[in-house]
Amino acid sequence: VNDITEDPEDRAIVIATINLSRSLGFQTIAEGVETAGHLAFLREQGCDEVQGYYFSKPESGELIEKKLIEANAKVTKKLIKLYNQLKYFIFL
């Protein structure tokens, strides 16, 4: 998707690919999304999923797992704190 914001032929190819995929009942995943312009164009065309450096550089499965575990722990702590604050109101 590198030149879809500037090259009309590249845009036409992406549009045709998304439409063909949709007509065959497939979902589309665009790789190489590097700018907000890429993302906006793909969303306008109805692309289902995107990936690329705009969101994150490639990372190992182990690092992603670690990040998810850390994020889950943070959310859990916040939920426990919120519950402890609200439980007095719930049981009054």
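Helices are taken here as DSSP runs of at least four residues, numbered from the N terminus, and in the predicted model described below Leu86 lies in one such run, helix H3. The confidence of the prediction may be considered before the details. The mean pLDDT of the protein chain is 92, and 97% of its residues reach 70 or more. Among the elements of the chain, the lowest mean pLDDT, 91, belongs to helix H3, which covers residues 61-90, whereas H2 has the highest, 96. As a general caution, where pLDDT is low, the predicted coordinates should not be read in detail.

The interior of the model may be described through its largest nonpolar core, which consists of nine residues, namely Ile4, Val14, Ile18, Ala30, Val33, Leu39, Phe41, Leu42 and Cys47. Two elements, helix H1 (8-23) and H2, each give two or more residues to this core, and H2, with three residues, gives the most.

Leu39, one of the residues of this core, is placed in helix H2, which spans residues 36-45. Its relative accessible area is 7%, and because this value falls under the 20% cut-off, Leu39 is classed as buried. When residues up to four places away in sequence are left aside, Leu39 touches Val33, Val50, Tyr54 and Phe55; of these partners, Val33 is also listed among the members of the core. The separation between Leu39 and Ala12 amounts to 27 residues in sequence and to 16 Å in space, taken from C-alpha to C-alpha.

A second buried position is found outside the helices and strands, at Thr28, which lies in the loop between H1 and strand S1 (29-31). With a relative accessible area of 8%, Thr28 is under the 20% limit and therefore counts as buried. The contacts of Thr28, again without residues up to four places away in sequence, are with Thr17, Ile18, Ser21, Gly46, Cys47, Asp48 and Glu49. Two of these partners, Ile18 and Cys47, are themselves members of the largest nonpolar core.

Strand S1 also holds Glu31, whose relative accessibility of 54% is over the 50% cut-off, so that Glu31 is counted as exposed. Glu31 and Glu49 are 18 residues apart along the chain, and their C-alpha atoms are separated by 8.8 Å. Glu49 is also named among the residues that Thr28 touches.

Attention may next be given to charged side chains. A search of the whole structure finds two salt bridges. In one of them, the side chains of Glu59 and Lys67 meet with a distance of 2.9 Å from N to O. Glu59 is located in the loop between strand S2 (49-51) and H3, and its contacts beyond four places in sequence are with Ile64 and Lys67. The relative accessible area of Glu59 is 24%, which makes this residue partly exposed, and Lys67, at 42%, is likewise partly exposed.

The other salt bridge joins Glu70 to Lys66, the closest N and O atoms being 3.9 Å apart. Both residues lie in helix H3, where Glu70 and Lys66 are four residues apart, or about one turn of the helix. Glu70, with a relative accessibility of 41%, counts as partly exposed, as does Lys66, for which the relative accessible area is 49%; the value for Lys66 remains in the intermediate class because exposed residues are those over 50%.

Nonpolar side chains also appear on the surface of the model, where Val75, Leu79, Leu82, Leu86, Phe89 and Ile90 make a nonpolar patch of about 600 Å². Leu86, one of the residues of this patch, is partly exposed, since its relative accessibility of 38% lies between the 20% and 50% cut-offs. Leu86 belongs to helix H3, which is also the helix that holds the salt bridge partners Glu70 and Lys66.

Conventions: Residues numbered from 1 in each chain as written. Predicted model: local features only at pLDDT ≥ 70, side-chain atom pairs only at ≥ 80, totals over all residues. Heavy atoms only, no water. Buried < 20%, exposed > 50% of the residue type's maximum accessible area, 1.4 Å probe, protein only. Contact = heavy atoms within 4.5 Å. pLDDT = per-residue confidence, 0-100. Patch = residues over 30% accessible without salt bridge, like charges linked within 9 Å, V, L, I, M, F, W, Y side chains within 5 Å. Areas by Shrake-Rupley, 256 points an atom, 1.4 Å probe, with all protein chains shown as cover. Salt bridge = Lys/Arg side-chain N within 4 Å of Asp/Glu carboxyl O. Core = buried A, V, L, I, M, F, W, Y, C linked by side-chain atoms within 4.5 Å.
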